[in-house]
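Open the model in a viewer and keep the sequence panel beside it. The stops below say what to select next and what is there.

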Amino acid sequence: MPSLDAVVADTRLALEDHARSLLVPVINATGVVLHTNLGRAPLGERQLDAVARAARGYSNLEYDLTAGARGSRHDHARGLLAALTGAEAALVVNNNAAAVLVTLATLCGGREVIISRGELVEIGGEFRIPDIMATSGARLVEVGTTNRTHLADYEKAITPDTAAILKVHPSNYTISGFTASVAARDIARLARGRKICFIHDIGSGLVSTDRSETTEPGVREALEDGADVVTFSGDKLLGGPQAGVIVGRAELIERISHHPLLRALRVDKMTLAALEETLRIYLDNDLEQIPTWRMSNLSSAELEARAGTLRAAIAARVDDSAKIEVLSHPGLTGGGAMPGTELASWAVSVGHATKSAAEIERSLRSGTPAVVARIEDDRVLLDVRTVQERELDVLTERVVAALT
């Protein structure tokens, strides 16, 4: 039987836990920049200010101030997306799976859609492209093999009932070795010649003109290659809020905008405000305002210095039973973007003579604020790439508490 004191203590903890918000901030010390489980892309000050302005009071979300009549929420980001990507028209929904779903439902419902077997991806949470396609009402036609698909495979599969060819960028895995795939430009040429639609789901939403260190397809590049419709995420490489973006030919975007599903998939004013400001930051060429890009582009020297500062702050407050070191460490972009691409980083390694790495990690994770770290070789690693400067003092306090 537990003692009365133990019951009281447990009850107090349970009440405190109940009173806390369920969605709480955490310090990401994993080195994974776009950590899906931790909310993917954090927003910067300009983006947060835009959200606050939209949320604080009323807004012209669906009101045309010039005409003095009802407007459309889809108008707000349309012009900015067209300017940034070169698309004729654009539409925003609540995530990229929704973008693919409503596009297929509108343009391909009841008809065939051709896709390479090597692109039948699972996008997380056991949601798969074949399931999304079935839900849309389109009929899946697989071509090629897992590792090799040729243009002739697409050509042979086209029938009078074919509505589109769908190309899906495998954002969360790579296939290497004996492989072959068809360039988007060649698929676009085939689709155009056979008078069917070419839909390109590029996933991660790269819009920066600097593509020197990535093989991810860019939005503008996908459109220039001839895609009729391109879909992508707002909260991956774009560095904005969770959203799905559909860009492409004006006639097709107009059709999609009238599908009944769009009502169920629409975004709210705060998402639109954050996305609009994200797009303005790109048009202003001020990418340092995007935390995702700022973290991804930190130099090795900056990261080593940050790790050294953190290590010194922790070491000054613990005894010799703790072992605190700085070491180089490979981080990841994560979030279904740039699979297999490591970001050279630096981490603080934390060990203890009497506490296991699991105990230290659990203590960090269960405190306030929670710290999510990694364990390697019975050491807790704190990768500083994803720890923001303003979080270093708090992180120091949390590590010291976990060790003492």
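At roughly what angle do the axes of helix α3 and helix α11 cross? Select residues 75-85 for α3 and residues 269-283 for α11: the axes cross at roughly 25° and come within 10 Å. An angle under 35 degrees counts as roughly parallel, so α3 is roughly parallel to α11. The crossing is left-handed. Keep in mind throughout that this is a predicted model.

Now show the side chains at this contact. On α3, pick His-76, Ala-77, Leu-80, Leu-81, Ala-83 and Leu-84. On α11, pick Leu-275, Glu-276, Leu-279, Arg-280, Tyr-282 and Leu-283. Sorted by class, the contact of α3 with α11 has 9 nonpolar residues, 1 polar and 2 charged.

**Just before α3**

Select His-74, in the loop between β3 (69-70) and α3. Is His-74 buried or exposed? The relative accessible area of His-74 is 17%, and buried means under 20%, so His-74 counts as buried. Setting aside neighbours within four places in sequence, His-74 is in contact with Leu-91, Val-92 and Leu-262.

**Just after α11**

Go next to Asn-285, in the loop between α11 and α12 (291-296). Asn-285 is exposed, and its relative accessible area is 65%. Check the backbone here as well: phi of Asn-285 is positive, about 55°, although the residue is not a glycine.

**The sheet**

Which strands make up the open sheet, and in what order? Colour 7 strands and follow them across as β4-β10-β9-β8-β7-β5-β6; the pairing is mixed. At the edges are β4 (89-93) and β6 (139-143), each with a single partner strand, so one side of each has no neighbour in the sheet. From one strand to the next, the twist averages 25°.

Select β7, residues 162-168. How many of the residues of β7 are buried? The count is 7 of the 7, so the strand is largely enclosed by the rest of the structure.

Work outward from β7 in both directions:

- Strand β5 (residues 112-116) pairs with β7 in the parallel sense over 3 bridges. Select Val-113 to find Ala-164 of β7 opposite.
- Strand β8 (residues 197-203) runs parallel to β7, and 5 bridges join the two. Leu-166 has Ile-199 in β8 as its bridge partner.
- Strand β9 (residues 229-233) also runs parallel to β8, and 4 bridges join this pair. Here the bridge partner of His-200 is Val-230 in β9.

**Helices on the sheet**

Add helix α5, residues 129-136, which packs on the sheet and touches β5, β6 and β7. The direction of α5 makes about 145° with that of β6.

Then add α9, which lies across β4, β8, β9 and β10 (244-248). Relative to β4, α9 runs at about 30°.

Keep helix α9 (residues 250-257) selected and bring in helix α4 (residues 96-108). How do the axes of α4 and α9 cross, and within what distance do they come? They cross at roughly 100° and come within 9 Å. Angles of 65 to 115 degrees count as roughly perpendicular, so α4 and α9 are roughly perpendicular to each other.

For the contact, show Val-102, Thr-103, Thr-106 and Leu-107 of α4 with Leu-252, Arg-255 and Ile-256 of α9. These residues divide into 4 nonpolar, 2 polar and 1 charged.

**Backbone stops**

Most residues other than glycine have a negative phi, and most peptide bonds are trans. Two further places are worth a selection for that reason.

Arg-40 sits in the loop between β1 (26-28) and α2 (45-56). Arg-40 is not a glycine, yet its phi is positive, about 55°.

Pro-369 is in the loop between α14 (357-366) and β13 (370-372). Select Thr-368 with Pro-369: the peptide bond joining them is cis, with omega about -5°.

**Zoom out**

Finish with the whole chain in view. There are 15 helices and 15 strands. The C-alpha atoms fill a box of roughly 75 × 60 × 50 Å along the principal axes. Of the 404 residues, 48% count as buried. Among contacts between residues at least 6 apart in sequence, 75% join residues at least 24 apart.

Methods: Residues are numbered from 1 along each chain as its sequence is written. This is a predicted model: local features need pLDDT of at least 70, side-chain atom pairs count only at pLDDT 80 or more; totals for chains, interfaces and linings use all residues. Side-chain values use heavy atoms; hydrogens and water are left out. Axes are lines fitted to C-alpha atoms, for helices over the stretch in contact, and angles run from 0 to 180 degrees between N-to-C directions. Angles under 35 degrees count as roughly parallel, over 145 as roughly antiparallel, 65 to 115 as roughly perpendicular and the rest as oblique. A crossing is left-handed if the near helix is turned anticlockwise from the far one by less than a right angle, and right-handed if clockwise. Contact means heavy atoms within 4.5 Å. Ala, Val, Leu, Ile, Met, Phe, Trp, Tyr, Cys and Pro count as nonpolar, Asp, Glu, Lys and Arg as charged, and the others, Gly among them, as polar. Buried means under 20% relative accessible area, exposed over 50%, partly exposed in between (1.4 Å probe, protein chains only). Two strands pair if DSSP finds at least two bridges between them.
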